[in-house]
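I opened my notebook to record what I looked up in this model. My entries follow the order in which I looked.

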Amino acid sequence: HDADEHEHDRDADDDDAGTVPLVQVGFSAALALPLMARVCGVAGDAGGAVPLALLLACGAAGVVLRRAAMRTLGDSFSGVLRVRSEQSVVQHGAYAFVRHPGYAAHLLVFVPSTWLVARSALASALFVAVYFVVWQRRIAAEERMLLAKLDGYAAYARRVRYRVVPLVW
């Protein structure tokens with residue numbers, strides 16, 4: 001059993017293509033940007049430019065979307081990239097619109113958060129830029145793995161064209 005788990009972990013490491021540490025460092029850096037902007041005086045006084053209710057609604061929508069995506073995947077959800085032998089392509093719920101709604105949820109939570117902390121469009125834009133670079137690599141590794149190991153994923157990817165944001169990415 002331990003040997004099987006070790007083999008499974010090695011497969012997951014291969015599928016992750018080194019993205020776990022990249023995500024950890026990149027996401028931490030992206031979250032630190034608005035704080036650094038605030039401390040360094042780069043942050044603006046633009047907090048009132050975006051209504052607080054809108055920022056909170058986006059954040060709440062992100063939390064709901066993330067939980068729904070995780071619930072939809074059920075036992076197939078994991079923090080590491082892997083495909084289970086009995087796994088099938090999920091095509092309902094948010095997965096009918098984008099292939100990676102959990103990552104969309106991160107944007108809905110953290111872009112408004114950066115705005116609230118830094119009160120700066122620049123800090124929010126920097127967060128999105130770092131987020132895009134980090135998650136693009138993670139999503140590319142995930143897509144390669146799913147295409148190689150999950151029956152029906154290629155057809156699903158042709159039908160659901162957008163990875164994270166409908167009509168954009």
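Below are my entries on a buried charged pair and the nonpolar cores.

Entry 1, ground rules. The model is predicted, so I kept in mind that local features need pLDDT of at least 70 and side-chain atom pairs count only at pLDDT 80 or more, while totals for chains, interfaces and linings use all residues. Residues are numbered from 1 along each chain as its sequence is written, and side-chain values use heavy atoms, with hydrogens and water left out.

Entry 2, Glu143. I found Glu143 in helix 5 (residues 121-149); helices are DSSP runs of H or I, at least four residues, numbered from the N terminus. Is Glu143 buried or exposed? Glu143 counts as buried because its relative accessibility is 7%, and buried means under 20% relative accessible area with a 1.4 Å probe, protein chains only.

Entry 3, Arg99. I placed Arg99 in the loop between helix 3 (52-73) and helix 4 (101-118). Arg99 also counts as buried, at 6% relative accessibility. The side chains of Arg99 and Glu143 share a polar contact of 3.1 Å, and those of Arg99 and Tyr153 share one of 3.5 Å. A polar contact is a pair of N or O atoms within 3.5 Å; within protein, one must be able to donate a hydrogen and the other to accept it, and residues adjacent in sequence count only if both atoms are side-chain atoms.

Entry 4, core. I looked up the largest nonpolar core (buried Ala, Val, Leu, Ile, Met, Phe, Trp, Tyr and Cys residues joined through side-chain atoms within 4.5 Å). Of its 14 residues, Leu146, Leu150, Tyr153 and Tyr156 touch the most other members.

How values were computed:
Buried means under 20% relative accessible area, exposed over 50%, partly exposed in between (1.4 Å probe, protein chains only).
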